[in-house]
Amino acid sequence: MAAGDGEPVLQLKSVCVVGAGMAGLAAARELRREGHAVTVMEQSSDVGGQWLYDPRTDVVDPLGAVEPVRVPSSIYACLRLTSPREVMGFSDFQFLPREGAGRDLRRYPGHRELHCYLRNFCDAFGLMDAVKLDTRVLRVAPVAMSMSTTTRRWAVRSVRRLSGTDDDDDAGKDEEVFDAVVVATGNYAQRMLPSDIQGMGEWRRRQLHSHSYRTPVPFHDEAVVVVGCGASGKDIALDLGRVAREVHLAASSEAEAATPAMSRMLANHGDVLRLHPRVRQLHTDGQVEFTDGSSVMADTVIYCTGYAYSFPFLDTGGAVTVSDDGYVVGPLFEHVFPPSLAPTLSFVGVPRKVLIPWFFEVQARWVAQVLSGRRTLPSEDQMLRSVEEQLRAREAAGVARKHTHNIASVEPRDMYEFGEKYCDFTPTEEWKKELILSSNASMDDDVETFRDRAADDSEKVRKGVQGWLGGLVAQAQEETAVKTEDSFHRILLIIEVDEGKIQVLYSLLKEVNDYEIVKGMVDT
């Protein structure tokens with residue numbers, strides 16, 4: 001491909017993206033935008049990754065002891081977003097509320113709304129023709145005759161899955177060779193279980209990981225112990241409280257237990273909900289013993305204990321490993337490139353606690369531009385030194401190894417500067433940063449009500465939201481321009497003035513073709 005004066009001649013590659021969740025779709029769009037030929041392989045019957053709700057659970061292995069998982073999604077029915085939609089859109093395709101069956105118009109919508117949004121994103125950028133659904137990747141490995149960094153290619157072996165089942169179609173096995181592979185399988189599939197609870201193997205009552213939780217119905221009138229008080233632990237405990245006889249929350253630390261949100265939960269649901277320290281032992285008679293010596297008789301134990309990184313299909317001969325009990329993938333330069341296999345192998349979506357999908361976009365654009373030659377990486381030795389120096393610096397700062405890929409809560413400035421540093425990505429607006437912080441503070445204060453309380457945005461955020469709304473009008477106009485004349489897209493707009501403050505109400509307004517009316521309201 002010819003480039004302009006002073007620009008490099010771009011090298012266009014054939015690239016396999018493993019996974020069609022949020023990270024995989026971000027990668028596919030950026031790779032295509034750079035001119036690469038993209039094939040996305042997704043084991044589920046639709047795009048969306050974790051955001052594709054599947055009512056089925058793994059009844060054979062509810063604890064998740066076997067790899068790979070048979071049911072990929074970990075979404076439970078009551079799950080709602082913990083970040084407002086204003087900060088959860090792709091940079092040039094905002095999370096626009098839409099009218100339609102099953103759509104959720106709230107500022108903090110449920111999981112189905114985000115899945116619909118990802119489908120809209122695919123349609124807007126024509127990505128579906130690059131996606132192979134019901135295709136499980138069995139093995140990714142370097143082609144034997146192409147081991148040099150300049151000519152290395154990758155063999156990807158896959159198998160078709162029988163749609164709607166967990167079974168593979170043995171007649172549908174295939175192997176293709178690509179110039180590069182992007183691993184975008186996320187970090188919420190392989191379940192992590194506690195290793196310090198005695199008696200788990202001998203306990204004969206029901207045990208499951210939150211990955212296998214969907215609704216509270218199967219736990220009617222039961223006594224349930226929920227291990228872990230993170231976001232999913234609180235959600236599931238509150239959900240269970242509607243039908244269970246007793247719900248016992250076991251905190252993994254004092255920090256989990258001593259929060260305003262927890263205090264409010266206990267005050268509001270003290271008739272059902274109890275708080276305990278860590279679980280010490282499960283007894284064969286059904287008792288669950290805690291580290292303070294107390295115990296309860298339980299019917300079910302649900303482990304809300306997080307997820308481990310797992311790439312069972314990846315064969316790199318030890319060049320990339322998962323260590324530290326599943327918390328660390330490495331070595332990875334800037335959480336993306338394994339130094340000895342870069343740039344033809346990369347990862348998008350490994351970091352936790354980051355702004356999504358924005359951060360995935362940044363990673364994906366960097367990968368796409370490095371593969372094309374628009375940008376270059378440091379040498380292998382330099383990348384390895386950088387990884388080691390970062391690990392040492394975090395250790396010196398007292399950051400536990402399990403937080404190796406936790407960026408925003410440890411180094412928030414690094415998250416926001418990543419795009420500018422590696423691919424000239426548009427910086428995140430200051431009002432969005434403030435909105436994220438205020439949303440997190442509201443959640444820490446009252447996890448039950450923060451999503452539905454009237455907005456109390458600062459002046460900076462209020463003005464930012466006004467501008468964001470203007471962008472939504474432009475986006476809706478652009479979308480309607482490429483559709484038939486009789487198709488209508490309606491835009492959900494904020495705006496009710498109450499003592500000078502804009503409250504987020506999201507109610508349907510006019511046809512977007514009434515641009516001057518809508519724009520006038522935004523400007524007001």
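1. Let's start with the disulfides: the count for this predicted model comes to zero. Cys 229 shows how that arises: its sulfur has its closest cysteine sulfur in Cys 304, 8.8 Å away, which is too far for a bond, given that a disulfide needs the two sulfur atoms within 2.5 Å. Cys 229 is also buried, at 1% relative accessibility. Cys 423 counts as buried too, with a value of 4%.

2. A word on the whole chain, to set the scene. The protein has 524 residues, and buried ones make up 51% of them. Its secondary structure comprises 11 helices and 24 strands. If you take the contacts with a separation of 6 or more, 67% of them join residues 24 or more positions apart.

3. Helix α1 may be a good place to begin browsing. The helix runs over residues 22–34, and its end C-alpha atoms are 19 Å apart, in agreement with the 18 Å that 13 residues should span at 1.5 Å a residue. Because 11 of those 13 residues are buried, α1 is largely enclosed by the rest of the structure. The buried set includes Met 22, Leu 25 and Leu 31, and also the charged residues Arg 29, Glu 30 and Glu 34. Among the elements covering the buried residues of α1 are strands β1 (14–18), β2 (37–41) and β7 (180–183), together with helices α2 (111–124) and α6 (358–372). Just after α1 comes Gly 35, with a positive phi of about 105°.

4. Glu 42 deserves a look as well. This residue sits in the loop between β2 and α2 and is buried, with a relative accessible area of 6%. What does Glu 42 touch, leaving aside neighbours within four places in sequence? Its contacts are Gly 19, Ala 20 and Gly 21 on the one hand, and Val 131, Lys 132, Leu 133, Asp 134 and Thr 135 on the other. Arg 136 lies 94 residues from Glu 42 along the chain, yet their C-alpha atoms are separated by 6.3 Å.

5. Next, helix α9, residues 430–445. Its 16 residues reach 23 Å from first C-alpha to last, close to the expected 22 Å. Buried in α9 are Trp 431, Lys 432, Lys 433, Leu 435, Ile 436, Ser 439 and Met 443. The loop between α8 (412–423) and α9 holds Glu 429, which counts as partly exposed at 37% relative accessibility. Glu 429 and Val 461 are 32 residues apart in sequence, with 9.9 Å between their C-alpha atoms.

6. How do α5 and α9 cross? The axes of α5 (residues 260–268) and α9 come within 5 Å and cross at roughly 40°, which makes the two helices oblique. On the α5 side the contact is made by Pro 260, Ala 261 and Arg 264, and on the α9 side by Met 443, Asp 444 and Asp 445. Sorted by type, the contact residues are three nonpolar, three charged and no polar.

7. Phe 347 belongs to strand β20 (residues 345–347) and is buried, with a relative accessible area of 0%. Not counting residues up to four places away in sequence, Phe 347 touches Val 183, Phe 311, Leu 314, Val 320, Leu 332, His 335, Val 336, Pro 338 and Gln 363. Phe 360 is 13 residues from Phe 347 along the chain, and their C-alpha atoms are 9.9 Å apart.

8. If you are checking backbone geometry, there are two cis peptide bonds to visit here. One joins Ala 342 and Pro 343, with omega about 0°, and Pro 343 is in the loop between β19 (328–330) and β20. Another joins Ile 356 and Pro 357, also with omega about 0°, and Pro 357 is in the loop between β20 and α6.

9. Finally, two non-glycine residues with positive phi. His 335 has a phi of about 65° and lies in the loop between β19 and β20. Is His 335 buried or exposed? At 5% relative accessibility, His 335 counts as buried, and this residue is one of those that Phe 347 touches. Asp 221, with phi near 60°, is found in the loop between β9 (206–209) and β10 (223–227). Asp 221 is partly exposed, with a relative accessible area of 44%.

How values were computed. Residues are numbered from 1 along each chain as its sequence is written. This is a predicted model: local features need pLDDT of at least 70, side-chain atom pairs count only at pLDDT 80 or more; totals for chains, interfaces and linings use all residues. Side-chain values use heavy atoms; hydrogens and water are left out. Buried means under 20% relative accessible area, exposed over 50%, partly exposed in between (1.4 Å probe, protein chains only). Helices (H or I, at least four residues) and strands (E, at least two) are DSSP runs, numbered from the N terminus. The expected span of a helix is 1.5 Å times one less than its number of residues. Axes are lines fitted to C-alpha atoms, for helices over the stretch in contact, and angles run from 0 to 180 degrees between N-to-C directions. Angles under 35 degrees count as roughly parallel, over 145 as roughly antiparallel, 65 to 115 as roughly perpendicular and the rest as oblique. Contact means heavy atoms within 4.5 Å.
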